[in-house]
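Hi,

Here is the structure I promised to pass on to you. Have a look at it first, and then read on for what turned up.

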Amino acid sequence: MTSVDIPADYPLFAEAKDKVVAITGGATGIGAATVSRLHSLGAYVSFLDVDRKNAEAMIQELSGGNNPVRFYPGSVSVWADQVRFFEGVVAQHGRVDIVLANAGIMSAGEPLLADTLDDEGHLKEPSLAVLDVTLQGVILTSKLAIHTFRKQKSPGSLVITGSAASYVDGAGLPLYNAAKHGVLGLMRSLRDDLAAEPTDIRINLVAPSFVETPFTAHALDIWRQNNLPINQPSDITKALLFLALNREYHGRTIYVAAGIFSEIEGPIEATRATWLGKQNDEWYKQRRDKARLAKEE
Ligand SMILES: NC(=O)c1ccc[n+]([C@@H]2O[C@H](COP(=O)([O-])OP(=O)(O)OC[C@H]3O[C@@H](n4cnc5c(N)ncnc54)[C@H](O)[C@@H]3O)[C@@H](O)[C@H]2O)c1
C-alpha cells in the first residue's frame, strides 16, 4: 500500500471551480457531503436520487451563488432516469467534466442467506435489488459517462464509490460483497479500454471502510464499542475529489479507513507475480499485450 496525504485544504481542490459534476446518490451520507463541498468550491453540481425529501432540503440549502445545486429525481437502476439525468445536465451546462457513481444500497437481511418460503413451501426467488442499484446502477452511470465524455471530446473523470468490500469479504453480506467486487472489476477492465481512447477519460475507485452515514446507522454502536476504524463522510469526499481532479491517477483505488488514505491498486499490480505465480503472470501479460495490440491495429 502507498500512503496518500489528502489534507482538507488540498490545493488541487481549487480546480473544482466551474467544473460540471454529475453525482448519483447525493441526498444523504457521502454523496451529500460531496455535493456540499463541491458547491462551496464553485462547481456546478447535479445529482440523481430516489430520496426526494432529503434532496429537496439540500437543494434549498445549496441554492445560493451562481451555482445552485440541481436535483434529478430517479433511480440509478432505471436507464430512462439516468438518460434524463445526463441529458438534463448537458442541456443546462453544455458538458459534464466529472461523474461520481456513488449511489449504493445494502439490504436489511441478506436474501441469499435467508431461506424464505412461499405459501406452498417452495423456496422464493431471492431479491437482487442490491445488485440492481449497487452494481447495475454503476454500470449504467459508467456507460452514460463514457458516452458523454466521448461525444463532447473533452477530458472526463469518472470515480466509482466502491468499498472495502470490493477487496475483502464482509461476513453476512454476500450480495453487497458481490456488487462491490463487481464495480472493482468494472474499473479494472475499463482502465485499459479507456487508456486506448482518443478522448482523455480517467476512471478510478474509492474504497471506504466503515463510514458514519444513514447506511451504517444500525451498526455504529458495535463499531464504536469495538474501537474499529470509523470514517466521516467528509473523509470520503476528500478521496473522491482527489481522484476526480488529479490527472496522474487512472485505474487506481484510494482505500480509506479512519480517515487515512492509501492507494492499493499499484501495489496489487506490482506483486502480481507473487500472488498469481510467475508463470501465470507471464501468461496474463501476454494475453493483455495481445489484446492491446489488437485494439491498436
Ligand atoms: N457508509 C459506509 O460505511 C460505506 C462504506 C463503503 C462504501 N459505501 C458506499 O458509499 C455509497 C454511499 O453510501 P452512504 O454510506 O453515503 O449511504 P447513504 O444511504 O447515506 O447514501 C446513499 C444515497 O444513495 C441514494 N440511493 C439509494 N438507492 C438509489 C437509487 N436506486 N437511485 C439513486 N439513488 C439511490 C440514497 O437515497 C442516498 O441518498 C454507497 O455506494 C455505499 O455502498 C458506504
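**What surrounds the ligand**

Sorted by class, the residues in the shell around the ligand are 13 nonpolar, 13 polar and three charged. Please keep in mind as you read that this is a predicted model.

There are 29 residues around the ligand, and those that come nearest are Asp49, Asn102, Tyr176, Val211 and Thr213.

On the polar side, an N or O atom in the side chain of lysine 180 is 3.0 Å from a ligand oxygen. Two glycines take part through their backbones: a polar backbone atom of glycine 29 is 3.5 Å from an oxygen atom of the ligand, and for glycine 104 the distance from a polar backbone atom to a ligand oxygen is 3.5 Å. On its own the ligand has 830 Å² of accessible area, and the protein covers 93% of that.

As for where this happens, the ligand takes up the space of the largest pocket. Helix 1 (29-40) and helix 5 (174-195) are the elements that give two or more residues to the shell around the ligand.

Finally, the overall layout. The chain is divided into two parts, domain 1 (2-263) and domain 2 (270-297). Between the C-alpha centres of domain 1 and domain 2 there are 30 Å.

Happy to talk it through whenever suits you.

Best wishes

Methods: Residues are numbered from 1 along each chain as its sequence is written. This is a predicted model: local features need pLDDT of at least 70, side-chain atom pairs count only at pLDDT 80 or more; totals for chains, interfaces and linings use all residues. Side-chain values use heavy atoms; hydrogens and water are left out. A residue is near a molecule or strand if one of its heavy atoms lies within 4 Å of it. A polar contact is a pair of N or O atoms within 3.5 Å; within protein, one must be able to donate a hydrogen and the other to accept it, and residues adjacent in sequence count only if both atoms are side-chain atoms. Accessible areas come from the Shrake-Rupley method with a 1.4 Å probe; for residues, only the protein chains shown count as cover. On a 1 Å grid over the protein atoms alone, a cavity is a set of points where a 1.4 Å probe fits but cannot get out, and a pocket is an open set with protein on both sides within 12 Å along at least five of seven lines; lining residues have an atom within 4 Å of a point. A molecule sits in a cavity or pocket if more than half of its atoms lie within 2 Å of its grid points. Helices (H or I, at least four residues) and strands (E, at least two) are DSSP runs, numbered from the N terminus. Ala, Val, Leu, Ile, Met, Phe, Trp, Tyr, Cys and Pro count as nonpolar, Asp, Glu, Lys and Arg as charged, and the others, Gly among them, as polar. Domain bounds come from an automatic or database domain assignment.
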